[in-house]
Each structure stands twice: as structure tokens, then as C-alpha cells.
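Thanks for coming, everyone. I'll put the structure up and then walk through it piece by piece.

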Amino acid sequence: MSFDYDLFVIGGGSGGVRAARVAAAEGAKVALAEEDRYGGTCVIRGCVPKKLMVFASEYAGMVEDAQSYGWDIQPGDFNWDAFKSKLHAELDRLEGIYRNLLANSGVETYDQRAKLADAHTVELADGTQKTAKHILVATGGRPVWPELPGAELGISSNEIFHLDKLPESILIVGGGYIASEFTGIMNGLGVKTTQYYRGAQILRGFDDEARGLVAEEMCQRGVDLKTGTNVLEMRQEGDKIWVKATNGDEGLFDKVMFATGRSPNSDGLGLEDLGIELGRKGEILVDDYSQTKVPSVFAIGDVTDRVNLTPVAIREGMAFVETVFKGNPTKPDHELIPTAIFTQPEMGTVGLSEEDARDQEPIEVYATSFKPMQQAFAGRSERVLMKLIVSQATRKVLGCHIVAPAAGEMIQLAGIAVKMGATKEDFDQTVAVHPTMSEELVTMKLPVRTG
């Protein structure tokens, strides 16, 4: 049987685009359909604009620091309109790059929604059908909306980049990395920021000591963080939103942002009609090679809800091409993935938390918390954390956790050592780079805890 394409990709985010390009480079005839903007969550409404907003929100503190270092710099007002116009121009530029990369790779693109008609047929929104030997679903995810009275008055991380004006006050609901990152951003931009999280501490699943320090420092910087608290109901009051919390608090906010989880974009794709299994959250269930129960259909990225990170989706796409088009069966590696959380302060982590490691085997914990030189000289009281979790039996570093400015930059490099199986003695034998914050990772001699 002949097909229109060797590969049809549904979804123009980072994972789908990379898979399409690499497959085309192998000589495959490839098409890709995207109903919205090319670049997906990361480029258009996620990592990239969020990180640019993080940068913007850090400058107020830099002015104060510069004054402490002798610079005659005066603080000014933040111009949201100027920043927003430049931000969206940059996103347009990046989307253009994605489109050009596909075109230059020979990938045919369709700017419309697509769904599966059968195991080898994709149906576009205009009714056109295209056949393909292999179909790759890379449709990503979307924010989950809570079910409570007045929830429609809120916004999500999708809309926060498009605000007409910067609010004077905002309530951010949620305790994951998206909620906590935007709490830091809005607080840094001068917005009176409140965060509600129903759990006992934000950033659940991360190392307890590290997330505790992040929460403490956020509060020191002016965030009104209320844990064990959720929204009960909301209603419009004039130009404000009235919110009642589960702890009995009532408050008025200009904006309420929900960051209470994400859901895979698997609806309306015709998957279940073909016998493709979905999980409890709607995630596409795949095997170790990203293959569904239908042999010709594969899925990668957030729609599979494995590890929802852009670089992971890209790795999954590369492994798919290796498996299907290069004849080299390759499983994407989901172990020991370095991660940065762009909270303020920033957090970088790789490997096991102290809690998870202790459940697994006897460990030693090496940790130090201190005031970094640059901020201490400027009169700031904030602290950083450097932490290693070490196996007593093998001496391998099982986890590394950093809370500090540029923690993401540091954890990328520490992640190489941990991924290679470096021992505590390997760290110790590495000469310190002085004076830096990260030198503490190789100078901690005695464990602070064992267990």
C-alpha cells in the first residue's frame, strides 16, 4: 500500500517539530499539522516568555544592589506595555524560525486541526484526508480549570502573557512550579502578590529542605504565601474579584490566576475509536518506545504525561526517529533529568530528594546554607543552599539540590556528573573554583545527617 507520507505529525511544538525535521533529514516524506501557533507551549506560552518575564522582574532588585556597589542608579517604573510589545515580537520571531526550519527541512505543513480517521489516515479540519505509514501525536497539554463558583473570572498561565495592563494585586492559586514561578515574577514586577496552595508546602515532590528555603525566601521578598488554603468561591465586585478562601479569608484582587495542574490534549483526536488507550488524566498510554496499542501510531511529549519538560519531548522525538526511521530501537531515557525551577530564588535539582533517597537506602546528606558574597555585600539577608545526597553503600551522589541565583545554570553541569555516576569522592577531588557559590559542592567534608 502506498501512502501520501511516511510520517504525519500532529502538533507543532518542540517535540513534534524536532521529530518531523529529523525524520525528513533521513529521507522520509513528512507532513505536520498545527491548529494554533508553531513552537507549542514552550515557545509561545511557556518556558520562553516566562523566562523573559523572570528576567524583567529581577531588575528592581538589581537597581538596589547597584546602589550598594556605588552606582548612582535611580529606580524607575516598569512599563508593561513596552515589555509586552517586545515580548510578543520575540515570540513572533521564534515562531517564524520554527516555520522556516520545517520548510527548509522539506516538511509540508497544514495550519489546521487534525485527528485520526484510522490507523494510517489523518483527517484535517477542512475534511481533507491524508494517509501516512506512521502517525506521531505530539499535541501537548493545557491548563486545568478548577470547578468552583466564579472560576470563569480567573485566568491561566496562557492568558497572563496577554494582560492589557499589569494588575495592582493578584492571587495565584496552586503550589507547583508554574504557580510559584509566576508568584515570583508578579511580585518582582511590583504587583501585590498572594499565593494560595492547598497543601502543606509548595513545590510538592521536590526536596523538602530546598522547597522550604524557596518558600521562606519568597515570603522574605514580600509574597503573601498561604499554605493549607484553597479558593472556595469567587465573584465580580466592581472591577475587582472577590475571593473567599477555605480558611475563611475574604479578599479583593484585580486578577486571579489558576495554576492547578495541566491536562493532556488528547480530546477529539479519534484515539479511543482506534483502540488507543488513554490513562486516567487522558494521557496517551505508550510503551518504552513511545508506541501506542496501534502499531502505526506513536505519541511523545506532554500528551503522554511522562516527564512534562520540553527537552524531554525533544529527546522522545529523537528516540522515535531512531526507532522508526533509522532501524535503531531506542528508548528515551527518563532517569536523572536535571531540572530548573525559575522561582525567586531559583532552584535546580537532579536525582533523588533526601526523602526519596532515604526511603530507598542508607544515605549521607551533605548540605550548607549561607549568604552569597554578592548579595551579602549589598546588604541582602537571603540565603542559598547547596546539597548532595550520597549513597552510603556505593558513595554515588544520588541527588543534587541547589537554591541560589543561577541555580539552573549550575545544575546543568552538576547533572552531568550525577548522570555519569560520580561519587562523593569524585566531587571532593575536584578543585574548587573560588570565589563562587558552587564551590561548596566540592568542599563539603562532613555529612550533616545520615540515615
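A definition to begin with: buried means under 20% relative accessible area, exposed means over 50%, and partly exposed is in between, with a 1.4 Å probe and protein chains only. Helices are DSSP runs of H or I with at least four residues, strands are runs of E with at least two, and both are numbered from the N terminus.

Some ground rules. This is a predicted model, where local features need pLDDT of at least 70 and side-chain atom pairs count only at pLDDT 80 or more, while totals for chains, interfaces and linings use all residues. Residues are numbered from 1 along each chain as its sequence is written, and side-chain values use heavy atoms, with hydrogens and water left out.

Start with helix 5, residues 177-188. How many of its 12 residues are buried? The count is 10, so helix 5 is largely enclosed by the rest of the structure. Among them are Ile 178, Phe 182, Ile 185 and Met 186. Polar names are on that list too, including Ser 180, Glu 181, Thr 183 and Asn 187. Now the length check. The expected span of a helix is 1.5 Å times one less than its number of residues. For helix 5 that gives 16 Å, and its end C-alpha atoms are 16 Å apart, which agrees. After helix 5 comes Gly 190, with a positive phi near 95°.

Next, helix 7, residues 310-325. Its 16 residues should span 22 Å, and the end C-alpha atoms are 22 Å apart, so the two values agree. Buried residues here include Val 312, Ile 314, Glu 316, Phe 320 and Val 321. What covers the buried residues of helix 7? The cover includes strand 1, helix 1, strand 6 (129-137) and strand 16 (297-299). Contact here means heavy atoms within 4.5 Å. Just after helix 7, Gly 327 has a positive phi of about 65°.

On to the cores. A nonpolar core is a set of buried Ala, Val, Leu, Ile, Met, Phe, Trp, Tyr and Cys residues joined through side-chain atoms within 4.5 Å. The largest one has 24 residues, and Val 30, Leu 32 and Leu 136 touch the most other members. At least two residues each come from strand 1 (5-10), helix 1 (14-25), strand 2 (30-33), helix 2 (40-45), helix 4 (80-104) and helix 7. Helix 1 gives the largest share, six residues. There is also a second, separate core of 22 residues, with Met 53, Ile 160, Ile 172 and Ile 185 among its members. Ile 185 is also one of the buried residues of helix 5.

Sheets now. Two strands pair if DSSP finds at least two bridges between them. One open sheet has four strands in the order 10-9-8-14, paired parallel. Strand 10 (224-227) and strand 14 (255-258) are at the edges with a single partner each, so one side of each has no neighbour in the sheet. Neighbouring strands are turned by 15° against each other on average, direction ignored. The axes are lines fitted to C-alpha atoms, for helices over the stretch in contact, and angles run from 0 to 180 degrees between N-to-C directions. Strand 9 (residues 192-197) joins strand 10 through four bridges. There, Tyr 196 sits opposite Lys 226.

Another open sheet has three strands, order 11-12-13, with antiparallel pairing. Strand 11 (231-237) and strand 13 (250-253) are its edges. The average turn between neighbours is 25°, direction ignored. Six bridges link strand 11 to strand 12 (residues 240-245), and Val 231 faces Ala 245.

Then strand 19, residues 363-370: six of its eight residues are buried, so strand 19 is largely enclosed by the rest of the structure. Eight bridges tie it antiparallel to strand 20 (residues 384-391), with Ser 369 partnered by Leu 385. Strand 22 (residues 449-450) pairs with strand 19 over two bridges, also antiparallel. Val 365 is partnered there by Arg 449.

Last, the cysteines. A disulfide is a pair of cysteine sulfur atoms within 2.5 Å. The whole structure has one. It joins Cys 42 to Cys 47, S to S 2.5 Å. The link is left-handed, at -140° about the S-S bond. Cys 42 is buried at 13% relative accessibility, whereas Cys 47 is partly exposed at 31%. Cys 219 is partly exposed at 36%, and Cys 400 is buried at 0%.
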